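Here's a quick tour of a protein model, written for someone who would rather look at side chains than at tables. Have the viewer open and follow along.

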Amino acid sequence: MGFTSTLASLLVNITVNTGSSAGKMDKLHNQVTYGIGKFYLWSRAISLGLEALKASTSVYTDAETSLAKINRVFGLGAVEAASFKEQILKISAATKGVSLSEFLQAVKIAGQAGLKGGEALELAKVASLLGLISDLRPEFAADTLAKILVEFGEGADKARDFALHLSLVADSSTSTIENLINITERIGGFAAAIGVSKEETVLLAAALKDAGIRTEVVGSTLTRLMTELESRPLDMAKVFN
């Protein structure tokens, strides 16, 4: 029934029940106003319900699309995909503050970096936690962490300890987690080649930032410093001890 026919029916019922005398016009007006208001509220409730359903359906559809992409990245069959999906949803639900969409993106990026199964999930979980305590998006954190681990020849099992190290150093310096992880990723290959660990790289980057070196030149300054220290092993040992 449309709005016009509903209102007409309402008026007929009111007229029958109240009569049409002038003395009852106020009552008639109030009842009509009440009826229109009630009709509007019901319409609004239905509209909001449909919007919520649409949003929920969109989230579900997006999640299924992301899961399909993840399955392709990892080369999973139907049975493996179902098990992996269950693990993803369980971990995502336990990671408060990070949306399912963000977590799925982090998992996909971990897979694209060459990590498999549990390693990819571990990296995505650590990246999500980093996202909660910094300005990093989980997918960016996953990508950068994966690159750093590859540069230093380490696996995802080292990601959690490294994230904790980043957090502790950032808390005790003027650097941010984002600054430190970016610098480490940029010069990680060089640092690893001369025997400097990722943790030592982070400490040096923080020290330079605390000394007043601008963020945009910390990476190049650190590279020059490491090059100099490489030719002076005794001094390098003193620095890191």
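Is R160 buried, partly exposed or exposed, and why? Its relative accessibility is 38%, so R160 counts as partly exposed. Keep in mind that this is a predicted model.

## The overall fold

Let's start with the big picture. The chain has eleven helices and zero strands, so to speak an unbroken run of α when you read the pattern along the sequence: α-α-α-α-α-α-α-α-α-α-α.

The chain has 241 residues, and 34% of them count as buried. Take the contacts between residues at least 6 apart in sequence: 62% of these join residues at least 24 apart. On the outside, the accessible surface comes to about 13800 Å², and carbon and sulfur atoms account for 59% of that.

## Inside the core

Now for the interior. The largest nonpolar core contains 53 residues, and I88, V107 and L123 are the ones with the most contacts inside it. Helix α5 supplies the largest share of this core, with seven residues.

I88 is a good place to zoom in. Leaving aside residues up to four places away in sequence, I88 touches L67, I70, F103, L104, V107 and L121. One of these partners, V107, is also on the list of residues with the most contacts inside the core.

## Salt bridges between helices

A search of the whole structure turns up seven salt bridges. One of them pairs the side chains of E64 and K85, at 3.0 Å from N to O. E64 sits in helix α2 (residues 25–74) and K85 in helix α3 (residues 78–94), so this pair ties together parts that are 21 residues apart in sequence. E64 is partly exposed, with a relative accessible area of 28%, and K85 counts as partly exposed at 28% relative accessibility.

Back to R160 from the opening: R160 forms a salt bridge with E122, and the closest N and O atoms are 3.4 Å apart. This pair links distant parts of the chain, with R160 in helix α7 (residues 159–171) and E122 in helix α5, 38 residues apart. There is a third player too, since E122, K125 and R160 are linked in a network of salt bridges.

## A salt bridge within one helix

How far apart are the closest N and O atoms of D143 and K147? They are 3.2 Å apart, and the two residues form a salt bridge. Both residues belong to helix α6 (residues 138–151); D143 and K147 are four residues apart there, so about one helical turn separates them.

As for the solvent side of things, D143 counts as partly exposed because its relative accessibility is 27%. K147 also counts as partly exposed, at 39% relative accessibility.

## A greasy spot on the surface

Which residues make the nonpolar surface patch of about 250 Å²? They are L129, L132 and I133. L132 has its place in helix α5 (residues 117–133), and at 40% relative accessibility L132 counts as partly exposed.

Helix α5 is worth a second look in the viewer. This helix holds L132 from the patch, it carries E122 of the pair with R160, and it gives the largest share of the core, seven residues.

Methods
Residues numbered from 1 in each chain as written. Predicted model: local features only at pLDDT ≥ 70, side-chain atom pairs only at ≥ 80, totals over all residues. Heavy atoms only, no water. Helix = DSSP H or I, 4+ residues; strand = E, 2+ residues; numbered from the N terminus. Buried < 20%, exposed > 50% of the residue type's maximum accessible area, 1.4 Å probe, protein only. Contact = heavy atoms within 4.5 Å. Areas by Shrake-Rupley, 256 points an atom, 1.4 Å probe, with all protein chains shown as cover. Patch = residues over 30% accessible without salt bridge, like charges linked within 9 Å, V, L, I, M, F, W, Y side chains within 5 Å. Salt bridge = Lys/Arg side-chain N within 4 Å of Asp/Glu carboxyl O. Core = buried A, V, L, I, M, F, W, Y, C linked by side-chain atoms within 4.5 Å.
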